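These are my notebook entries on one structure, written in the order in which I looked things up. I begin with the helix that I opened first and leave the overall counts for the end.

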Amino acid sequence: MTLSDIAAGLEVTAEQRDRGVAAVDDTDGDLRERLVPFADDLPCDPTSAATVVESFTAGASVGDAGRDAGVAPVTAAKTLHLLGLDGVSPLGPTARDVVGDWLTADLSRSDAKALTGASETEFALAAFVETHDPLDGAVEAVEGALSPAGDATVRKRDELGETMSDVGDLL
């Protein structure tokens with residue numbers, strides 16, 4: 001099979017899909033500064049929240065990230081969840097469904113707790129995670145602060161240009 005056989009049937013359209021604004025924020029500013037607007041909604045101050053995020057994304061456990069920031073591990077977990085970082089729920093998917101059943105009053109708390117096998121702290125944290133969404137705009141603030149330096153849009157354009165050039169050479 002040749003490349004022309006593979007390309008047979010491909011069509012070029014006159015319009016592109018509108019994918020909205022790119023979700024890349026490569027502006028200057030450290031993470032603490034970016035978290036200041038969310039200070040009232042976070043369980044700790046922006047400086048501690050920034051330390052928690054930086055430690056966690058560097059590979060520290062939630063508890064160690066909290067200790068690095070001088071906050072309790074549960075506070076660190078809540079902060080990470082509100083800032084959109086994954087992996088902070090102490091329960092697996094099935095146990096989270098059980099917590100959801102308790103939250104919708106389909107199970108008593110004692111039955112839900114028994115079914116999950118969670119400690120009081122784990123159950124309370126899981127309930128927090130299930131009842132609180134990440135803060136609007138906080139995810140983008142964290143991603144922008146933790147992205148590598150340089151203009152991500154320009155890098156992506158250049159990579160795409162190289163790929164298209166390689167494809168053109170093959171045709």
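Entry 1, the end of a helix. Bearing in mind that this is a predicted model, I looked at what comes after α4 and found G70, whose phi is positive, near 75 degrees.

Entry 2, the faces of α4. I then asked which residues of helix α4, residues 62-69, are buried. I noted V62, G63, A65, G66 and A69 as the buried residues of this helix. They cover an arc of only 160 degrees around the axis, so they sit on the same side of α4. When I turned to the other side of α4, I found R67 and D68 exposed. I also looked up what the buried residues of α4 pack against, and wrote down α3 (46-57) and α5 (73-82).

Entry 3, α3 against α4. I took up the packing of α3 with α4 and recorded an angle of about 140 degrees, with the two axes 8 Å apart. Angles over 145 degrees would count as roughly antiparallel, and the two helices are therefore oblique to each other. The crossing in which α3 passes α4 is right-handed. For the contact itself, I listed S48, T51, V52, S55 and F56 on the α3 side, and V62, A65, G66, D68 and A69 on the α4 side. Sorted by character, the residues of this contact divide into 5 nonpolar, 4 polar and 1 charged. Comparing with my second entry, I see that D68, which is exposed, is among the α4 residues that make this contact.

Entry 4, T79 in α5. Since α5 had come up as a packing partner of α4, I picked out T79, which lies in helix α5. Is T79 buried or exposed? Its relative accessibility is 0%, so I entered T79 as buried. Leaving aside neighbours within four places in sequence, I found T79 in contact with L42, P43, C44 and A49; of these, A49 falls within the span of α3, residues 46-57.

Entry 5, the buried face of α9. I repeated the exercise of the second entry on helix α9, residues 138-146, where the buried residues are A138, A141, V142 and G144. Seen down the axis, they fall within an arc of 165 degrees, which means that they line one face of α9. I then asked what covers the buried residues of α9, and my list includes α2 (31-35), α3 and α5. Both α3 and α5 were already in my notes, as the helices against which the buried residues of α4 pack.

Entry 6, D101 in α6. I moved on to D101, which belongs to helix α6, residues 93-103. With a relative accessibility of 32%, D101 counts as partly exposed, because that class lies between the 20% limit for buried and the 50% limit for exposed. Not counting residues up to four places away in sequence, D101 touches D106 and L107. I also looked up its separation from A112, 11 residues apart along the chain, and noted 7.7 Å between the C-alpha atoms.

Entry 7, the whole chain. Last, I looked up the overall counts, and found 10 helices and 0 strands in the protein chain. Buried residues make up 27% of its 171 residues. Among contacts between residues at least 6 apart in sequence, I noted that 60% join residues at least 24 apart.

Note on methods. Residues are numbered from 1 along each chain as its sequence is written. This is a predicted model: local features need pLDDT of at least 70, side-chain atom pairs count only at pLDDT 80 or more; totals for chains, interfaces and linings use all residues. Side-chain values use heavy atoms; hydrogens and water are left out. Buried means under 20% relative accessible area, exposed over 50%, partly exposed in between (1.4 Å probe, protein chains only). The arc is that of the directions from the helix axis to the C-beta atoms. Contact means heavy atoms within 4.5 Å. Axes are lines fitted to C-alpha atoms, for helices over the stretch in contact, and angles run from 0 to 180 degrees between N-to-C directions. Angles under 35 degrees count as roughly parallel, over 145 as roughly antiparallel, 65 to 115 as roughly perpendicular and the rest as oblique. A crossing is left-handed if the near helix is turned anticlockwise from the far one by less than a right angle, and right-handed if clockwise. Ala, Val, Leu, Ile, Met, Phe, Trp, Tyr, Cys and Pro count as nonpolar, Asp, Glu, Lys and Arg as charged, and the others, Gly among them, as polar.
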